[in-house]
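Take a first walk through this structure. The report starts inside, with empty space, and then turns to sheets, rings and backbone details.

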Amino acid sequence: MSGAEEGDLVARVEGGAGIIRLNRPKAINAVTLEMFRDIDKALDRFEADPAIAVILLEGAGERGLCAGGDIRTLWESSKVNGDLGKILWREEYILNARIKKFPKPYVAFMDGIVMGGGVGLSAHASHRVVTDRTKLAMPEVGLGFFPDVGGTYLLSHAPGEIGTYFGLTGQTMNGPDAIHAKFADWVVPAVRLPELREALTKLRSGATAADVSKLIDGFATGETAGPVAAREPVIDALFGFDRMEDIFAALTRDGSEFALATLKTLNEKSPRGMVVTLKLLRLARGSSLEECLVREYRAALEVFRSDDFREGVRAAVIDKDRNPTWSPPRIQDVTPDMLAPYLAEIGADELKFNSKRDEV
């Protein structure tokens, strides 16, 4: 699915399906502000068209659905105190909420790499298909950020402390683990996606969510738990705390190969990012997606102003030296005063949902 002659976002009707294709294969379909706007327009059109039975989200190329947002452009705006973060995240988060409530079946093909903003476009869908090639992750803490796009909602609703583990470490889920963590619903072999895609386009007006589920069931392997799920009892014991200091202490005490490898991973992350993430994950328990997105938007605007975000992106994306200098450098140096601005109300800038379709 190349379509090099087409734009960054392809939206078209094929049979009874409204196709939304992320079309930047060289960038693993990283999403831009214009692409979010084009997706929203496509959803307007597909929602209003009675002939369209189902929406299908897919990514061009062989590498993945979406590697995340256009981080480099955000970094450039942050450096000059620009407002791209405020604009892009507002529109993206409102779109995430819309996807969750979309009135027609919305099928996401979560094949290959699915990260960050790609998770926001797919994991809130009504029908989420992963494959034997899926590599799903929320690695934002390694950028001085936190799992956004409703990530705190998704992670906090995973079984036990699996979501806390994935959110803080940024580790990758395979397809079955994504199902166990409630980020996806079916594993379908990647080689069968074209066949499933064709079957979806043959659906006609009036097809229900149950009809779509039954169709996908016919292609699914039935797998529901991967390698991380097998470690859930250990993960629950090590990550069942509300303070990062206590998680570090539990990992140190445990001393197993898994615990020490996890400690090594955490020591590479932004201390401030980890503290913010853990707090948002705990606040997300029992919250709706919209409530989580409102909190994430407040925290994201604070992140956008922070040295840690600029430094994390520099080390991972710009210079690629993988050697960020975090501020502060240690968990114990992240004070309540540092945390407070990430959680504070922001008055006129609060995230508000379109009352027509995205009411809280």
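## Empty space inside

G144, F145, F146, R272, G273, V276, V303, S306, D308 and Y342 form the lining of the largest cavity. A cavity is a set of points on a 1 Å grid over the protein atoms alone where a 1.4 Å probe fits but cannot get out, and lining residues have an atom within 4 Å of a point. This is a predicted model, in which local features need pLDDT of at least 70 and side-chain atom pairs count only at pLDDT 80 or more, while totals for chains, interfaces and linings use all residues. Residues are numbered from 1 along each chain as its sequence is written, and side-chain values use heavy atoms, with hydrogens and water left out.

The largest cavity holds about 40 Å³ of space. A volume is the space filled by probe spheres set on the grid points, which are joined across faces, edges and corners. Helix α13 (residues 271-284) gives the most to this lining, with 3 residues. Helices (H or I, at least four residues) and strands (E, at least two) are DSSP runs, numbered from the N terminus.

How many cavities of 30 Å³ or more does a search of the whole structure find? The search finds 2. The second largest has a volume of about 30 Å³. L155, S156, G160, G163, T164, L281, R282 and R285 line the second largest cavity. At least two residues of that lining come from each of α5 (151-156), α6 (162-169) and α13.

A pocket is an open set of grid points with protein on both sides within 12 Å along at least five of seven lines. The largest pocket holds about 1,100 Å³ of space. It is lined by 41 residues, and the closest to its centre are A67, I71, L143, A316 and V317. Four elements each supply at least two lining residues: α2 (71-79), α3 (84-101), β6 (113-115) and α15 (307-318). The largest share, 4 residues, comes from α15.

The table sorts each lining by class. Ala, Val, Leu, Ile, Met, Phe, Trp, Tyr, Cys and Pro count as nonpolar, Asp, Glu, Lys and Arg as charged, and the others, Gly among them, as polar.

| Space | Nonpolar | Polar | Charged |
|---|---|---|---|
| Largest pocket | 21 residues | 10 residues | 10 residues |
| Largest cavity | 5 residues | 3 residues | 2 residues |
| Second largest cavity | 2 residues | 4 residues | 2 residues |

## Two sheets

Strands of a sheet pair through backbone hydrogen bonds, either parallel or antiparallel. Two strands count as paired if DSSP finds at least two bridges between them.

One open sheet has 6 strands, in the order β1-β2-β3-β5-β7-β9, with mixed pairing. Its edges are β1 (9-14) and β9 (186-187); each has a single partner strand, so one side of each is left without a neighbour in the sheet. β1 and β2 (residues 17-22) run antiparallel and are joined by 6 bridges. R12 stands opposite I19 in β2.

Helices pack on this sheet. Helix α1 (residues 33-48) touches β1, β2, β3 (54-59) and β5 (106-110), and its direction makes about 15 degrees with that of β1. Helix α9 (residues 209-217) touches β3, β5, β7 (127-130) and β9, and its direction makes about 15 degrees with that of β7. Contact means heavy atoms within 4.5 Å. Axes are lines fitted to C-alpha atoms, for helices over the stretch in contact, and angles run from 0 to 180 degrees between N-to-C directions.

Another open sheet has 3 strands in the order β4-β6-β8, with parallel pairing. β4 (64-66) and β8 (135-137) are its edge strands, each pairing on one side only. On average, neighbouring strands here are turned by 15 degrees against each other, direction ignored. β4 and β6 pair over 2 bridges. C66 stands opposite V114 in β6.

## Rings and backbone details

The structure holds 9 aromatic pairs. Among them, Y93 and Y297 form an edge-to-face pair, 6.1 Å centre to centre with 80 degrees between the planes. The pair links distant parts of the chain: Y93 is in helix α3 and Y297 in helix α14 (residues 289-304), 204 residues apart. Rings of Phe, Tyr and Trp (its six-membered ring) pair if their centres lie within 6.5 Å; planes under 30 degrees apart count as stacked, over 60 as edge-to-face and the rest as tilted.

Which bond joins S327 and P328? It is a cis peptide bond, with omega about -5 degrees. P328 lies in the loop between α15 and α16 (336-343).

I28 is not a glycine, yet it has a positive phi of about 45 degrees. I28 sits in the loop between β2 and α1.
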